[in-house]
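Load the model in a viewer and keep the selection panel open. The stops below go from the whole chain to single residues.

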Amino acid sequence: MTSAGYAEIERTFDVNPATTLPPLHDLPGVTHVEPPVEHHLDALYYDSIDLVLASRRLTLRRRTGGVDAGWHLKLPVAVDERREIREPLGEHPEHIPEAILNLVRAVLRGRTLVPVVRLRTRRTVHELVGEDDQVLAEVCDDEVQADRLAPEPLSQTWREWEVELVHGSRDLLDAAQVRLASVGVEPSGTPSKLARALGDALPPFVTVPVPRPTRKSSAGAVLLKYVHEQVRAIGTQDARVRENDVDGVHRMRVATRRLRSVLSTYRDCLDTAVTGPLRNELRWLAGSLGAARDAEVIRQRLAHRLGQELAELVVGPLTERIDEHFAAVIRGACSQTLAALDSERYFRLLDTLDAVLAAPPLLPPADKPASIVIPELIRADWKRLRASVFLAQGTPSGAVRDEALHEARKRAKQLRYAAETATPLRRSRAVRLVAAARQVQDTLGDHQDSVVAREKLLRLGMAAYLQGENAFSYGRLHAVEQNGAAAVEARFFRTWRDFPKASIAK
């Protein structure tokens, strides 16, 4: 997977062609300045025709020359700071590396990348060195020739200075800015060379402020903060899923489920004409993400069960058959997941999430105090969980009870996610409720895994029998799973009585 990247902390300054660089050797911590080194850089910047990367302040370039030739993707972090992901040019320098593309596909959403700007820079680098010959910062004197290739041609030339920290502190950056100001040099009015090269074609920065709710906030503000967090998690994990990162798949799936769940809990505060179809699409996405992980969980479960059996009770090639079956299932599921992430349906879902953040479909109840609205919503989810548990208790053992317990697990997850939204109101009580709901979810999850494992064992056993193999051990594992599930049921119903009240009100 692509590296975590490099922190790039720098400031850029507009410079008159005749301006001379002032002395820098006496800045705080600097012992001397190395002799200047000249580089000739040639960078080609890529974006979509509508400049969607630039609208997110993302920069993708292929650069030759200098000490860091290669593919660079820069992502905004904070003022003066970006994260830079690097990949080598490779054998085919005209091809954008997959590791880089995977980081921007969720932003591009099917758009094609084309060259939009070419920058040719004559760079003179002055290294500011401190004790132990440690490079603290680089001051770059750049003479730039910029050619905008799209959407319409434009050529510009300018001179600028960059001060980029290497091992120095922001105090050094501040001191350097003061020193440059002494010769009439001011910080640049544009955020990057690319932005300056794009000129009037530079799109506005697409950003939506994240609410910071308190106990006095509205229910809508509390909800929107949680929605923001889950949408951000989906976008963050997208690249990890494309790299077949198992944890990334899990995290993206959980974010999708959390989002879908709270849209249900808060439905009285939302325009369901918008959120209803959105919940359906989130269900589809979660399903597309989950098949491979679910199969791997059951494979590991059966392997564990098999490992606990006495050797003389394992008859036939169970390990091989189980591994063959699940390997095929997981391969197909991974392909399905990647196909879903490259589908128009997924890209339109991301568009809808952006639209919901930009113009939240809130109804008047969302304007009421969170301290009044949210405890009632949580209590309603708690009542649904309690009703589903009572229904399961009154149902005879078997497939119908299994389904009832599975429904109770889903209700526990919904209560857990609803309680998570309440942490700005009553943190300690919300955390306690989250923990209790998660315990129910985990316990009944183990039970559901047993149900699925038994279904798989039955099918695998029948297939083995039809192929002339001994199916005894499949049946034995089925019985072990059945007894284990009965024990989980009994333990769950014993501990349910200790489930806390769903009160987070004052």
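Start with a surface over the whole chain. About 24700 Å² is exposed, and carbon and sulfur atoms supply 53% of that area. Accessible areas come from the Shrake-Rupley method with a 1.4 Å probe, and for residues only the protein chains shown count as cover. This is a predicted model, in which local features need pLDDT of at least 70 and side-chain atom pairs count only at pLDDT 80 or more, while totals for chains, interfaces and linings use all residues. Residues are numbered from 1 along each chain as its sequence is written, and side-chain values use heavy atoms, with hydrogens and water left out.

**Whole chain**

Switch to C-alpha atoms. They fill a box of roughly 90 × 60 × 50 Å along the principal axes. Colour by secondary structure next: the chain has 13 helices and 10 strands. These are DSSP runs numbered from the N terminus, with helices being H or I of at least four residues and strands E of at least two.

Colour by burial. Of the 506 residues, 46% are buried (buried means under 20% relative accessible area, exposed over 50%, partly exposed in between, with a 1.4 Å probe and protein chains only). A contact map adds sequence range: among contacts (heavy atoms within 4.5 Å) between residues at least 6 apart in sequence, 73% join residues at least 24 apart.

Now select the charged side chains. The mean positions of the 71 positive and 68 negative charges are 11 Å apart. Lys and Arg count as positive and Asp and Glu as negative, with His and the chain ends not counted; the place of a charge is NZ of Lys, CZ of Arg, CG of Asp or CD of Glu.

**Strand β8 and its partners**

Select residues 135-148, which form β8. Why is β8 described as largely enclosed by the rest of the structure? The reason is burial, because 11 of the 14 residues of β8 are buried.

Add residues 114-129, strand β7, which pairs with β8 in the antiparallel sense over 13 bridges. Two strands pair if DSSP finds at least two bridges between them. To check the register, label T121, whose bridge partner in β8 is V144. Then label V129, which stands opposite V135 in β8. β7 and β8 form a hairpin with five residues between them, and D132 in that turn has a positive phi of about 60°.

On to β9, residues 154-165, which pairs with β8 in the antiparallel sense over 12 bridges. Here A146 stands opposite Q156, and D141 opposite W161. A hairpin of five linking residues joins β8 to β9. P151 is found in the loop between these two strands; zoom in on the peptide bond from A150 to P151, which is cis, with omega near 5°.

**Further strands**

Return to β7 and add residues 37-47. This is β3, joined to β7 by 11 bridges and running antiparallel to it; Y46 has P115 as its bridge partner in β7. Residues 32-33 are strand β2, which pairs with β7 in the antiparallel sense over two bridges. The bridge partner of V33 in β7 is L128.

From β9, select residues 6-14. This is strand β1, antiparallel to β9 over five bridges, with F13 opposite W161.

**Cysteines**

Show C140 and C334. Which of them is buried or partly exposed? C140 is buried, with a relative accessible area of 1%, whereas C334 counts as partly exposed at 27% relative accessibility. The structure holds zero disulfides (a disulfide being a pair of cysteine sulfur atoms within 2.5 Å).

**Single residues in loops and a helix**

Select L51, in the loop between β3 and α1 (52-55). Its phi is near 60°, a positive value in a residue other than glycine. L51 counts as buried, at 3% relative accessibility.

N244 is found in the loop between α5 (219-242) and α6 (246-265). Phi of N244 is near 60°, again positive in a residue other than glycine.

For the last stop, select R459 in helix α12 (residues 427-466). R459 counts as exposed, at 61% relative accessibility. Draw a distance to D80: the two C-alpha atoms, 379 residues apart along the chain, are separated by 59 Å.
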